[in-house]
Amino acid sequence: MNTLKILIVDDETNIRKTLAYCLAAEGHTVVAVSNPADAMEESRRLVFDMAFLDLKLGEESGMDLIPALLADSSWIKIVVITAFASIESVVEAMRRGATDYLSKPFSPDQVKLAAGRIARIRELETQIAALKENMQRLGPEDRLQSANVGMQRVMEVARKAAASDAIVLLQGESGTGKTVFARAIHSWSLRAVKPLAVVACPAIPSELLESELFGHAKGAFTGAVRDNPGRIAACEGGTLFLDEVGDLAPGVQAKLLRFIQDKEYERLGESASRKADVRIIAATNVDLQKRVAEGRFREDLFYRLNVISLTVPPLRSRPEDILPLAMDFLAYFGRANRKRMLGFTDEAQLALTSHPWPGNVRELRNAVERAVILSCGDMIGRADLPESVVPADTAPKIGDPVSLAAIEELHIRRVLAASASLQAAADVLGIDQATLWRRRKAYGI
């Protein structure tokens with residue numbers, strides 16, 4: 001069973017102590033207060049999954065606290081407790097948003113049963129949210145598989161890093177799969193049952209990004225017609241993935257640094273500090289150290305983010321992955337378009353393996369999707385591929401006025417495309433693997 005963060009609101013000291021002891025013994029994190037004002041203060045400071053709320057709090061009514069707590073945290077589950085139970089009060093509490101009801105006196109077993117039900121509900125809510133997100137982004141590129149040694153090393157380090165709460169900085173060109181790595185690290189971690197929030201920093205205007213991350217109170221700015229908890233609060237206990245973190249505005253960088261250091265932040269329009277237990281994964285396709293030197297990125301934030309740094313290799317440096325990835329995309333888009341696709345012709349395979357793929361895996365995905373849509377048969381031919389992948393045939397031929405290097409490069413590319421392994425290609429070329437590796441590096445193959 002998942003552990004919960006639970007708020008207890010009761011004006012009776014013994015009830016607070018008894019509830020706190022019973023719930024803490026089950027492994028839950030418990031905060032107990034005696035009045036609505038303290039309850040709201042704690043609700044703004046911490047993210048709670050559940051609240052035990054007494055309906056009679058001295059001269060104040062706990063009934064009015066139900067919508068206030070829900071407005072602050074829409075996901076909180078409220079169990080009303082009272083010695084003055086009646087059908088009317090039950091109906092009114094449920095109408096205002098309560099989840100469950102306990103009458104005093106209650107036993108420890110009843111309390112544990114109520115908390116257990118809420119824990120299961122919260123777990124199901126998280127799983128449903130994850131499934132919805134998976135359905136929206138479902139695609140073969142989400143599988144981390146590679147025959148490339150360099151890529152396998154990155155995957156190995158990522159698995160080791162996932163077991164910790166250390167910040168991970170993913171570096172690499174656009175389209176290499178940094179988001180896929182972030183999702184994988186989250187799924188391999190102990191936080192996998194909690195939410196993963198993805199924030200694409202360049203996609204959100206800088207003036208709105210702070211609100212998106214940290215949230216805002218109603219009326220904090222023009223257009224803030226309701227409270228927004230923010231992505232950090234929404235992924236409490238889980239992982240926050242900041243994609244293209246190098247594009248953060250200076251003001252947001254300062255607030256992010258403070259959150260990383262202290263786990264504290266404030267919503268826009270509020271002065272009270274809040275706490276959150278969130279793991280950070282960041283990604284960038286720019287040289288952050290260069291941006292630090294240019295004064296465009298905070299040096300202290302860079303070192304906070306650069307705890308475990310992983311560089312995802314570009315697709316051109318792992319040519320052995322091009323055709324397996326292309327076949328995965330072919331099968332996926334064949335099903336999506338209700339077409340029976342068998343594979344690629346030899347000419348199409350040669351074109352795929354000869355292309356440098358500046359857009360990396362994302363470009364390959366788009367190229368195969370386009371080819372499937374436009375293809376009239378069950379095999380993808382060279383003509384089905386986009387012009388960016390298959391330009392007009394200008395390949396040099398024997399006897400053309402070109403250098404030996406150009407002929408050698410073309411020959412190596414074609415032999416590599418037709419060979420099952422690097423060793424097989426080296427055997428055909430009559431050279432050893434070390435020489436082939438040097439030739440590939442020289443020609444950018």
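This passage describes a parallel sheet, a nonpolar core, an enclosed strand and the cavities of a predicted model. Residues are numbered from 1 along each chain as its sequence is written, and side-chain values use heavy atoms, with hydrogens and water left out. Because the model is predicted, local features need pLDDT of at least 70 and side-chain atom pairs count only at pLDDT 80 or more, while totals for chains, interfaces and linings use all residues.

We may begin with the open sheet, in which 5 strands are paired in parallel in the order β9-β10-β13-β8-β14. Here helices (H or I, at least four residues) and strands (E, at least two) are DSSP runs numbered from the N terminus, and two strands pair if DSSP finds at least two bridges between them. The edges are formed by β9 (196-200) and β14 (308-311), each of which pairs on one side only. On average, neighbouring strands of this sheet are turned by 15° against each other, direction ignored. Between β9 and β10 (residues 239-243) there are 5 bridges in the parallel sense, and Ala197 has Leu240 of β10 as its bridge partner. Helix α7 (residues 178-188) lies across β8, β9, β10, β13 and β14, and runs at about 155° to β8 (168-171); axes are lines fitted to C-alpha atoms, for helices over the stretch in contact (heavy atoms within 4.5 Å), and angles run from 0 to 180 degrees between N-to-C directions.

Leu240 reappears in the largest nonpolar core, where Leu240, Leu242 and Leu305 have the most contacts among 34 residues. Such a core is a set of buried (under 20% relative accessible area, 1.4 Å probe, protein chains only) Ala, Val, Leu, Ile, Met, Phe, Trp, Tyr and Cys residues joined through side-chain atoms within 4.5 Å. Its largest share, 5 residues, comes from α10. Not counting residues up to four places away in sequence, Leu240 touches Ala197, Val199, Leu213 and Ile281, among others.

Strand β6 (residues 77-82) is largely enclosed by the rest of the structure, because 6 of its 6 residues are buried. Lys77, Val79 and Ile81 point one way from β6, whereas Ile78, Val80 and Thr82 point the other way. β6 pairs in the parallel sense with β3 (residues 50-54) over 5 bridges, and with β7 (residues 100-103) over 4 bridges. Leu53 has Val80 of β6 as its bridge partner, and Ile81 stands opposite Leu102 in β7.

Notes: Buried means under 20% relative accessible area, exposed over 50%, partly exposed in between (1.4 Å probe, protein chains only). On a 1 Å grid over the protein atoms alone, a cavity is a set of points where a 1.4 Å probe fits but cannot get out, and a pocket is an open set with protein on both sides within 12 Å along at least five of seven lines; lining residues have an atom within 4 Å of a point. Grid points are joined across faces, edges and corners, and a volume is the space filled by probe spheres set on the points.
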